[in-house]
Amino acid sequence: MARHGGRGWHRRVLAAAVGVTAAAAATSIWTAQANPVAGQHSSAHAGASNAGAKAPGGKPVSMDIAHASDRGALGVNITIDDGPDPTWTPQVLRVLRDNGVKATFCMVGTQAQAHPDLVKAVVAAGHRLCDHTVSHDTTMDTKSQAYQSQQILDAARMITQASGGVRPLYYRAPGGAFTPYSRHLAAAQGMRPLGWNVDSKDFERPGTNAVITTVKSEISNGPTVLFHDAGGDRSQTVAALREVLPWLKQQGYAFGFPVR
């Protein structure tokens, strides 16, 4: 999701993950050969021109930050961040089902670990999983490689275990805080770095109509749309999705997944 300062929710997630971080940091350091660029920050809309890292099994996955849809020029990728949440994820799943839409759920590791039934429900409905780190630290790009590795790899493990063995196919840095190292690491694990083109601003709860207006006015920017199913009251998100999804269909858009 986009960066926002002073979030109580972020502090609670970070506190919940401290134990995981401390226990795992010494054991989950990535040892593949990467060429870090110290202090480089990349926004969710930016992508380096590197490609060709290998996923497990040898299939190459690009390090470039994905924005395009596998449905082509009129494709739309619905992405849902920060869950799963026991109140809001089931409601989002219901709206997606009612509209015949598949989405990509960018899950926080501790949330997935706490709600494995919801992770399994997401997979069973045909949606895709995305690694959104252990503790949703939007300053990831200022931290050490060991810390980045722990956050990404431990979240992937948590999500995979919670899903019953289904691995995340994407990695979305919290707040778009990608680094060359984190993109290379994700790609080497078979997870395409994932950005966004349209931030619905639903996290700020500006009102349902404002969320709808933002999506309608900015969808021409590109296919990947950012929503949230956790981090607070997401009733505006659910209500906005009920209107936005049919509207996108009426405009001739087809729903797909981010390119791999």
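Start by selecting glycine 164: this residue comes right after helix α5, and its phi is positive, near 90°. Keep in mind as you go that this is a predicted model, where local features need pLDDT of at least 70, side-chain atom pairs count only at pLDDT 80 or more, and totals for chains, interfaces and linings use all residues. Residues are numbered from 1 along each chain as its sequence is written, and side-chain values use heavy atoms, with hydrogens and water left out.

**Stop 1: helix α5**

Now step back from glycine 164 and select residues 145-163, which make up α5. Helices here are DSSP runs of H or I with at least four residues, strands are runs of E with at least two, and both are numbered from the N terminus. α5 has 19 residues and spans 27 Å from its first C-alpha to its last, close to the 27 Å expected at 1.5 Å a residue. (That expected span is 1.5 Å times one less than the number of residues.)

Is α5 mostly covered or mostly open? Mostly covered: 15 of its 19 residues are buried. Buried means under 20% relative accessible area, exposed means over 50%, and partly exposed is in between, using a 1.4 Å probe and protein chains only.

Within α5, click on threonine 160. Threonine 160 has a relative accessible area of 17%, so it counts as buried. Leaving aside residues up to four places away in sequence, threonine 160 touches Gly165, Val166, Arg167 and Pro168. A contact means heavy atoms within 4.5 Å.

**Stop 2: α4 against α5**

Keep α5 on screen and add α4, residues 116-124. The axes of α4 and α5 come within 7 Å and cross at roughly 75°, so the two helices are roughly perpendicular to each other. Axes are lines fitted to C-alpha atoms, for helices over the stretch in contact, and angles run from 0 to 180 degrees between N-to-C directions. Angles under 35 degrees count as roughly parallel, over 145 as roughly antiparallel, 65 to 115 as roughly perpendicular, and the rest as oblique.

Which residues meet here? From α4, pick Pro116, Val119, Lys120 and Val123; from α5, pick Ile159, Gln161, Ala162 and Ser163. By class, this contact has five nonpolar, two polar and one charged residues. Ala, Val, Leu, Ile, Met, Phe, Trp, Tyr, Cys and Pro count as nonpolar, Asp, Glu, Lys and Arg as charged, and the others, Gly among them, as polar.

**Stop 3: α2 against α4**

Hide α5 and bring in α2, residues 88-98. α2 and α4 pack at an angle of about 10°, with their axes 11 Å apart, so they are roughly parallel to each other. Thr89, Pro90 and Leu93 of α2 make the contact with Leu118, Ala121 and Val122 of α4. Sorted by class, that gives five nonpolar, one polar and no charged residues.

**Stop 4: the loop before α2**

Next, select the loop between β3 (75-81) and α2, where you'll find proline 84. Glycine 83 and proline 84 are joined by a cis peptide bond, with omega about 5°. Aspartate 82 lies in this loop too. Its phi is near 90°, a positive value in a residue other than glycine. At 0% relative accessibility, aspartate 82 is buried.

**Stop 5: histidine 136**

Jump to the loop between β5 (128-131) and α5, and pick histidine 136. Histidine 136 has a positive phi of about 55°, although it isn't a glycine. Is histidine 136 buried or exposed? Buried, with a relative accessible area of 0%.

**Stop 6: leucine 248**

Now select α8, residues 235-250, and click on leucine 248. Leucine 248 is buried, at 0% relative accessibility. Not counting residues up to four places away in sequence, leucine 248 touches Val76, Ile219, Tyr253 and Phe255. You can also draw a line to lysine 216: the two residues are 32 apart along the chain, and their C-alpha atoms are separated by 8.2 Å.

**Last stop: the whole chain**

Zoom out. The chain has eight helices and ten strands, and 57% of its 260 residues count as buried. Of the contacts with a separation of 6 or more, 77% link residues 24 or more positions apart.

Finally, color by pLDDT, the predictor's confidence in each residue, from 0 to 100. The chain's mean is 85, and 78% of its residues reach 70 or more. Select residues 15-52, though, and pLDDT stays under 50. Where pLDDT is low, the predicted coordinates should not be read in detail.
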